[in-house]
Amino acid sequence: ISYHLPAMGGLTSGISFADSGAAGGSDKTTYGLRYGMSAGGADLTLGYSANSTEATTVDIDETNLGLKVASGDITMILAKGKYEASDEDRDNTGVAVSFAMPNGMTLGAYTFKSEDDLDVGEKFTRTGAEVEYSIASGLTAYINMDDYDYEVTAANHEGTPTADNGTITQLTIQAEF
């Protein structure tokens with residue numbers, strides 16, 4: 001079952017409920033809203049969503065909040081999320097910015113961090129940059145450079161994960177017909 005409120009100015013919102021059928025099952029409730037407006041030459045969009053799924057031991061709860069600001073050739077996005085479940089209590093934060101250049105190239109950069117408060121010493125960070133270039137109509141090249149670091153200092157419910165870090169560079173050519 002879902003219900004979406006009629007748009008009121010720049011505000012849209014909705015709620016849904018899914019019954020899993022069996023008593024004690026995994027019923028799910030989700031709601032979200034988005035507000036968009038233009039001010040001083042910039043477009044602002046604020047979004048929020050929440051999701052809760054019943055579970056036999058601990059409910060699974062997720063929330064996400066995001067803000068997008070676009071002004072001319074510059075776009076910035078800020079995001080914050082939370083995930084709670086059995087042996088999980090993750091906080092996520094991300095920031096991204098892009099700049100569209102007049103020569104058909106777009107430059108972007110981001111950073112992301114995730115920490116699990118229940119798994120001692122578990123943290124993931126990723127930082128990267130992207131160059132997008134329109135070669136011709138329907139043909140685009142992307143170069144991505146990412147640096148990541150996964151830290152973990154203790155065992156969790158899945159055993160002892162392996163810490164990892166590194167750099168990834170990737171070239172993608174996209175063709176659209």
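**View 1. Lys82 and Asp89 meet in a salt bridge.** In this predicted model, the closest N and O atoms of Lys82 and Asp89 are 2.5 Å apart. Lys82 has a second acidic partner, Asp91, with an N to O distance of 3.1 Å. Lys82, Asp89 and Asp91 are thus drawn as a network of salt bridges. Burial varies across the network. Asp89 has a relative accessibility of 14% and counts as buried, since the cut-off for buried is under 20%. Lys82 is partly exposed at 25%. Asp91 is also partly exposed, with a relative accessible area of 22%. Lys82 falls within the range of strand β6 (residues 74-85). Asp89 and Asp91 fall within strand β7 (residues 88-100).

**View 2. Lys113 and Glu115 form a salt bridge.** The N to O distance between the side chains of Lys113 and Glu115 is 3.1 Å. Lys113 is partly exposed, at 37% relative accessible area. Glu115 is partly exposed too, at 31%. The salt bridges of the structure come to five. Lys113 with Glu115 is one of them.

**View 3. Strands β6 and β7 pair in the antiparallel sense.** The pairing of β6 with β7 (residues 88-100) runs over 12 bridges. Leu78 has Val95 of β7 as its bridge partner. The two strands form a hairpin, with two residues between them. Asp87 sits in the turn and has a positive phi of about 60°. Gly94 belongs to strand β7. Gly94 is buried, with a relative accessible area of 15%. The C-alpha atoms of Gly94 and Leu11 are separated by 24 Å. Along the chain, Gly94 and Leu11 are 83 residues apart.

**View 4. Strands β5 and β6 make an antiparallel hairpin.** β5 covers residues 60-71 and β6 covers residues 74-85. Their pairing counts 11 bridges. Asp61 has Glu84 of β6 as its bridge partner. Gly66 is partnered by Ala79, also in β6. Two residues lie between the strands of this hairpin. Gly72 takes a positive phi near 60° there.

**View 5. An open sheet of 11 strands has antiparallel pairing.** The strand order is β1-β2-β3-β4-β5-β6-β7-β8-β9-β10-β11. β1 (2-4) and β11 (164-175) stand at the edges. Each edge strand has a single partner, so one side of each is left without a neighbour in the sheet. Neighbouring strands are turned by 10° against each other on average, direction ignored.

**View 6. Tyr31 and Tyr48 form an aromatic pair.** A pair of aromatic rings is described by the distance of the centres and the angle of the planes. The structure holds two aromatic pairs. For Tyr31 and Tyr48, the ring centres are 6.2 Å apart and the planes stand at 45°, so the pair is tilted. Tyr31 lies in strand β3 (residues 28-39). Tyr48 lies in strand β4 (residues 42-53). The pair therefore ties together parts that are 17 residues apart in sequence. Tyr31 is partly exposed, with a relative accessible area of 40%. Tyr48 is partly exposed as well, at 29%.

**View 7. Twelve nonpolar side chains make a surface patch of about 910 Å².** The residues are Tyr35, Met37, Leu46, Leu65, Leu67, Ile74, Met76, Leu78, Val95, Val97, Phe99 and Leu107. β3, β5, β6 and β7 are the elements that give two or more residues to the nonpolar patch. Ile74 of the patch is placed in strand β6. Ile74 is partly exposed, at 42% relative accessible area. Leu78 and Val95 are both patch members. Leu78 and Val95 are also bridge partners.

How values were computed:
Residues numbered from 1 in each chain as written. Predicted model: local features only at pLDDT ≥ 70, side-chain atom pairs only at ≥ 80, totals over all residues. Heavy atoms only, no water. Phe/Tyr/Trp six-rings, centres within 6.5 Å; stacked < 30°, edge-to-face > 60°. Helix = DSSP H or I, 4+ residues; strand = E, 2+ residues; numbered from the N terminus. Buried < 20%, exposed > 50% of the residue type's maximum accessible area, 1.4 Å probe, protein only. Salt bridge = Lys/Arg side-chain N within 4 Å of Asp/Glu carboxyl O. Pairing = 2+ DSSP bridges. Axes fitted to C-alpha atoms, helices over the stretch in contact; angles between N-to-C directions. Patch = residues over 30% accessible without salt bridge, like charges linked within 9 Å, V, L, I, M, F, W, Y side chains within 5 Å. Areas by Shrake-Rupley, 256 points an atom, 1.4 Å probe, with all protein chains shown as cover.
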